[in-house]
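Q: Got a model open here and want to talk through its packing. Can you take me through it?

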Amino acid sequence: MRKFNIRKVLDGLTAGSSSASQQQQLLQQQHPPGNREPEIQETLQSEHFQLCKTVRHGFPYQPSALAFDPVQKILAVGTQTGALRLFGRPGVECYCQHDSGAAVIQLQFLINEGALVSALADDTLHLWNLRQKRPAILHSLKFCRERITFCHLPFQSKWLYVGTERGNIHIVNVESFTLSGYVIMWNKAIELSSKSHPGPVVHISDNPMDEGKLLIGFESGTVVLWDLKSKKADYRYTYDEAIHSVAWHHEGKQFICSHSDGTLTIWNVRSPAKPVQTITPHGKQLKDGKKPEPCKPILKVEFKTTRPGEPFIILSGGLSYDTVGRRPCLTVMHGKSTAVLEMDYSIVDFLTLCETPYPNDFQEPYAVVVLLEKDLVLIDLAQNGYPIFENPYPLSIHESPVTCCEYFADCPVDLIPALYSVGARQKRQGYSKKEWPINGGNWGLGAQSYSEIIITGHADGSVKFWDASAINLQVLYKLKTSKVFEKSRNKDDKPNTDIVDEDPYAIQIISWCPESRMLCIAGVSAHVIIYRFSKQEVITEVIPMLEVRLLYEISDVESPEGEQAPPLPTPVGSANPQPVPPQSHPSTSSSSSDGLRDNVPCLKVKNSPLKQSPGYQTQLVIQLVWVSGEPPQQITSLAVNSSYGLVVFGNCSGIAMVDYLQKAVLLNLGTIELCGSSDPYRREPRSPRKSRQPSGGMLIVTSCMCGVSSLYSESVKQLRSSFLTGLCDISEGTVVPEDRCKSPTSGSSSPHNSDDQQKVNNFIEKVKIKSRKFSKMVASDIAKMSRKLSLPTDLKPDLDIKDNSFSRSRSSSVTSIDKESREAISALHFCETFTRKADSAPSPCLWVGTTLGTVLVIALNLPPGGEQRLLQPVIVSPSGTILRLKGAVLRMAFLDSTGCLIPPAYESWKEHSVPEEKDEKEKLKKRRPVSVSPSSSQEISENQYAVICSEKQAKVISLPTQNCAYKQNITETSFVLRGDIVSLSNSICLACFCANGHIMTFSLPSLRPLLDVYYLPLTNMRIARTFCFTNNGQALYLVSPTEIQRLTYSQETCENLQEMLGELFTPVETPEAPNRGFFKGLFGGGAQSLDREELFGESSSGKASRSLAQHIPGPGGIEGVKGAASGVVGELARARLALDERGQKLSDLEERTAAMLSSADSFSKHAHEMMLKYKDKKWYQF
């Protein structure tokens, strides 16, 4: 009998259904259901798309090394993640990355050669070619048996000294990147009588006046002056304390060492017995000639001379141990004066910029570059008081941690000058009057003619506007949103901000209309602020304010119509439709029965007059309030419309709409009420008293941003399960006061099952008390945690959400209550379109998307313009239109019948002053333009398309028929993090970024896949929070807490990128060497040169051991030239490169031929000698 295999049957069914579904989907795309839509000619094709990184802006994250080319005037910064940032004149920047990702421990320029050597923590050396717009590695050398600790490359030398952890020094030819056979062994360098190892090499430098003398510093405190020619030590200098750095006086007769006890020792070269002078810059000088108290280590010292006066001694560290809490300092000692310059962050490294690159001349220092942990500071040494230079690079992105980001391309042309003019007044004073001295390189050719603006929201409540045009970045204007709130002076004075006590003003969402310049922000304390742009200063006597009580359930009073949504637009909830003076806050109102906080906002608005400078000025502050002991849920979606005068926002409790012109709440509904009888999940509105605390606990648990909150599903599930476990642990013997929080329907049950009902009621009361206690206990902690989840994870090391926090699977244990509490408003879009199937003309409406994939349409009935707009109410009513998608709705947009994007209606910006009454009337009449969108000018019969993108799929809906014209399942195994409808090459497309790292684009309206590239896996919530697409093929995200990475998905931009990038290397003549003078030349007192080639070359020193280091050819030669070349110059470069390669091959062939000839001659010689030896011998004599 044949065995029945159920698995095969199931597999067959699955395969059949999947193939059937694929065919059905294909047919559906080709032949959408319902009436066939008119064909729209789509111009975008796959060849219009290409993905590549463009530029990286911001401060290098976790810097570790610093170098400067004094001739090319280029600064290089290395980081702990293997990144390399190069800075020239303002606007000339470059980012490179070592493939290994190992930390950069040291950088050395080949001065004026257009090359750079980097030493990494994985014991590799790399030679970078900077003569191309995108620098690349030419050679690499991997040390196999020793660890690199210090490198030194003398000026105009091709021999690099490499010190190791074992105390040895190896010499590398930087042209061929091969090791010389010349090695300085540690046991030959130190005294033979010394029994201990001197430690790693911490310093190498040659004598400025004699290149044949090498100064070697060992960590233990020993310094050796090594004679390269005689291969022995001339002098040895010993000190009790460990050495951190060494620096020469330019005459080569003295050097200075910095030590671990905070001392500086100055030595005469010819007096090794003891130092000439010992200085403790920050030590307290004790009486009786005793040694000063030890201080912290001096990590680096530099010794720079000036022709007219005293030398500069510049050092970092060395503070006394009793200065607890003092900021890191840079100390500048010049003659008898000592200046201590405090820094905001720890000092990583510093360099003194000098007039000459020659070490044997007067240095004439003019500035000090100080690389801090989170900043780059340039100090002017030539002016009194040592002022700092104003930094022209965009390195202040992270001044406060970035919490959200928006990107706008093709903005109105007058916008950037307007923002710059108001931002110019915010600049600090007291900078150095000199020009920025790092001014190497040349700008690229700006091929882009459109303006771009980046807006960043920060943890301290500030909002920054950046000019991002033509791949540059410059700060335009900074807005401080926290100015409208009272600052807490002490811990007792901030009872309302305790759920977000770390950064209560942090920005979460930014909604901006570039045309009208209206700005709206949502903050982490559930507050919304609306701003209007003005070039005039105003003083606001009373800050307009609204409080909104956004409930998850409907009101307490039950009615027979409780299951139906209340008629709109009756405002639901206790929100005052008029501006509430700040002093009349209901902050003292709370439930008398249990003392829970109620009707209290998280922040307190100032009640004193507010001076508002030109720029963005506060129009209205809206705050959500606590409800029965539950903190307000964080806002997940926000939209503002200048033409309608409306702002709308939502969270996981519901949605609220505010008329910011009349300062009145128009809509305040829970998500369930919004759906009404058409709720897809058949949920019934519940009284908050019935389940206030259980739902309160659930809402607290899920109080993180719901648009992003489900990314934290694992941690939220753990909290939820622990909470449910706590509920289930209620013991039967708990005493419950009968009159406490009794439900109004508790006695309405039928009499015949009163015992069972009594048990149920008792259990409900126990749950209430248990959950109330639990919610009180965790409300603060959970809200704080949710706030941490919504802020940069790099600043919250206690929350590890890197690995398993991005699963969107719904666990089987998630209950229907959980589903309800998770539904949040995730997308909002004002538009003028068809709200219902029967509509014959478009009208203003609001489209609402939720995290459960529901799309609802709310009709807006706006009063006529002029005075009527300020007097008559806006009528808001649900249209009954409901659409559904798979996954949370992310983005919505609308197309006209030709496939062109319909922008939301807007009112063009005009100065909002106090004009005459006649002018005011004329202005108000223009508030709602007749032609607010292209659709208004169309014939009534023409249709529109709604484009809706969710986490899983995209749909194009034909309006007004509401038929699904096209559908595309974007991803099955992952989910979309960001989706934007953008314009490119005079057409539009849908661009998506998925959590699995794929960037995809789809044509509109047919949703044909045009691009699908694996780019960047989601490894950090920072990427999910900041990734955004914009028009003309531009996109960006926060690649680290301090840096913005910009990229393009446009083929045209990729092709033009090479021209747009700046050039780092420019041909500059090396300054002339210092004149030795007549007497120095006569008596040999000048600098002594050294033929290093003769000393270190293979002919004299032999070959190095092959096992010591491995040479790795880099990709930077051919590829770099190919990438940099274009046109005739490129062809010439390729031809020259081909000739070089051919010449190199011919040279190799010649060498091999010579070697074979030599071998043949040797063989012939030996054969001849053998013949002569045995020529006269007989056979028996052999």
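A: Sure. This is a predicted model. Let's start with Phe389 and Trp436: both are buried.

Q: What do Phe389 and Trp436 form, and what is the geometry?
A: An aromatic pair, edge-to-face. The centres are 6.3 Å apart, with 90 degrees between the planes.

Q: Where in the chain do Phe389 and Trp436 sit?
A: In distant parts, 47 residues apart. Phe389 is in the loop between strand S28 (376-380) and strand S29 (402-409). Trp436 is in the loop between H3 and strand S30 (452-458).

Q: And Phe485 with Tyr505, stacked or edge-to-face?
A: Stacked. That pair has 5.8 Å centre to centre and 20 degrees between the planes. Phe485 and Tyr505 are both in the loop between strand S32 (474-480) and strand S33 (507-513), 20 residues apart.

Q: Is that pair buried or exposed?
A: Phe485 is buried, at 1% relative accessible area. Tyr505 is buried too, at 13%. Both values fall under the 20% cut-off.

Q: Which charged end sits over the ring of Tyr505?
A: That of Lys487, 5.6 Å from the ring centre.

Q: What about Arg517, which ring does its charged end sit over?
A: The ring of Trp909, 4.0 Å from its centre.

Q: How many aromatic pairs does the structure hold?
A: 24. There is also an aromatic cluster formed by Phe49, Phe993, Tyr1015, Phe1027, Phe1029, Tyr1037 and Tyr1049.

Q: Switching to cores. How many residues has the largest nonpolar one, and which have the most contacts inside it?
A: It has 34 residues. Those with the most contacts inside are Leu419, Ile453, Phe465, Trp512, Leu519 and Tyr616.

Q: Which helix gives the most to this core?
A: Helix H3 (residues 415-423), with five residues.

Q: And what does Tyr616 touch, leaving out residues up to four places away in sequence?
A: Among its contacts are Leu419, Phe465, Trp512 and Leu519. Arg517 and Arg532 are also included.

Q: What lies apart from that core?
A: Another core, of 26 residues, including Leu984, Leu1011, Tyr1015 and Tyr1049. Tyr1015 and Tyr1049 also belong to the aromatic cluster.

Q: Last topic, cysteines. How many disulfides does the structure hold?
A: Zero. Cys831 is in none, and the nearest cysteine sulfur, that of Cys845, is 3.7 Å away. A disulfide needs the sulfurs within 2.5 Å, so that distance does not qualify.

Q: Is Cys831 buried or exposed?
A: Buried, with a relative accessible area of 4%. Cys411 counts as buried as well, at 7%.

Key: Residues numbered from 1 in each chain as written. Predicted model: local features only at pLDDT ≥ 70, side-chain atom pairs only at ≥ 80, totals over all residues. Heavy atoms only, no water. Buried < 20%, exposed > 50% of the residue type's maximum accessible area, 1.4 Å probe, protein only. Core = buried A, V, L, I, M, F, W, Y, C linked by side-chain atoms within 4.5 Å. Helix = DSSP H or I, 4+ residues; strand = E, 2+ residues; numbered from the N terminus. Contact = heavy atoms within 4.5 Å. Phe/Tyr/Trp six-rings, centres within 6.5 Å; stacked < 30°, edge-to-face > 60°. Lys NZ or Arg CZ within 6 Å of the ring centre and 35° of its normal.
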